[in-house]
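Subject: Structure handover

Hello,

Here is the structure I promised. Please open it next to this message and follow along.

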Amino acid sequence: MSSFDSILFDFDGVLADTEPAHCACWAEVLATVGITLTWEFYRRQCVGIDDRDMLRMLAMQSDPPHNWDDLWKLYPAKKRLFMARMTTNPPFDPALAGFLEGLKGRYKMAVVSSSSATEIEPMLAAGGLRQYFETTVGAESVKRYKPAPDPYLLAAERLRSRAPLVVEDSAAGIASGRAAGFEVLQIHHPAELPEMVGRRLSTCPS
Ligand SMILES: [Mg+2]
């Protein structure tokens, strides 16, 4: 047993390989108003940040410029498209359920994301993973998103955790976990998750 009492998982890019699908769905709905969103731009600039911040960036950069709140009106269409794709084909690594089963009872676990909990929870349910997490902190749960510390502080408070391990993939998420004062483990792809977390927990002094 390590000195951590909980594990706080980011969702996109950590528990689920969703970033390419988020990008494809946004690209499809933004194309209807003449905005091109490429994977290269999304990967470099948009991973880990709130959708509203992404749309503010795209609105300013587009020619002619758009109002970002006009682009935000496309969110329901993007969400419908994304949910239809993700709940029929949940984007989880086959090893994930066994990995979480091994942690269950040893660590309290939560999902902490800049996506909406209403997007995440149906995916967890479709993948049979909902039971492993005590709570989901989504974009609607906080006023300030990652890289602010608020999402991770709220998750720790809900779990009554004093020593969480944060698992993140993006710069904004890592900054958020560190600003909360927690240790952050960075991974680069969901397929790495079991090995990286397992290694960190086994080398942690008890
Ligand atoms: Mg992420």
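Two residues are in contact here if their C-beta atoms, placed from the backbone, lie within 7 Å. By that rule, Ser115 touches Phe11, Asp12, Ile120, Gly138 and Ala139, with residues up to four places away in sequence left out. Keep in mind that this is a predicted model.

**Ser115**

Ser115 sits in the loop between β2 and α7. Is Ser115 buried or exposed? A residue is buried if 20 or more other C-beta atoms lie within 10 Å of its own. Ser115 has 23 C-beta neighbours inside 10 Å, so it counts as buried. Its contact Phe11 comes from elsewhere in the chain: the two are 104 residues apart in sequence. In space, their C-alpha atoms are 8.2 Å apart.

**Domains**

The domain assignment splits the protein chain into domain 1 (6-17 + 93-202) and domain 2 (19-88). Their centres, taken over C-alpha atoms, are separated by 23 Å. Domain 1 puts 14 residues into the contact, and domain 2 puts in eleven. On the domain 1 side, the elements that give two or more residues are α7 (117-126) and α9 (171-179). The largest share of that side is from α7, with four residues.

**Cores**

The largest nonpolar core has 42 residues. Which of them touch the most other members? They are Phe9, Ala110 and Tyr152. Helix α8 (residues 150-159) gives the most to this core, namely five residues. Both domains take part: at least three residues come from each of domain 1 and domain 2. Another core lies apart from this one. That core has five residues, including Cys46, Met54, Leu55 and Leu71.

Ala110 deserves a look of its own. Leaving out residues up to four places away in sequence, its contacts are Ser6, Leu8, Phe133, Glu134, Thr135, Thr136, Val137, Ala155, Arg158 and Leu159.

**Strand β1**

Two of those contacts, Ser6 and Leu8, belong to strand β1 (residues 6-9). In a regular strand the side chains alternate between the two faces of the sheet. In β1, Ser6 and Leu8 point one way. Ile7 and Phe9 point the other way. All four are buried.

β1 has two parallel partners to check. It pairs with strand β2 (residues 108-112) over four bridges in the parallel sense. There, Phe9 has Val111 as its bridge partner. β1 also pairs with strand β4 (residues 164-168), again in the parallel sense and over four bridges. In β4, Val166 is the bridge partner of Leu8.

**Helix α1**

Helix α1 (residues 19-31) has 13 residues. From its first C-alpha to its last it reaches 18 Å, close to the 18 Å expected at 1.5 Å a residue. Which residues of α1 are buried? They are Glu19, His22, Cys25, Trp26 and Val29. Seen down the axis of α1, the buried residues fall within an arc of 135°, so they line one face of the helix. The general rule helps here. An α-helix has 3.6 residues a turn, so residues three or four places apart point the same way. The buried residues of α1 pack against α5 (75-88). On the face turned away from the buried side, α1 carries the exposed residues Pro20 and Ala31.

Best regards

Terms used: Residues numbered from 1 in each chain as written. Predicted model: local features only at pLDDT ≥ 70, side-chain atom pairs only at ≥ 80, totals over all residues. Core = buried A, V, L, I, M, F, W, Y, C linked by C-beta atoms within 7 Å. Buried ≥ 20, exposed ≤ 12 C-beta atoms within 10 Å, placed from the backbone. Domains from an automatic or database assignment. Pairing = 2+ DSSP bridges. Expected span 1.5 Å × (residues − 1). Arc of directions from axis to C-beta.
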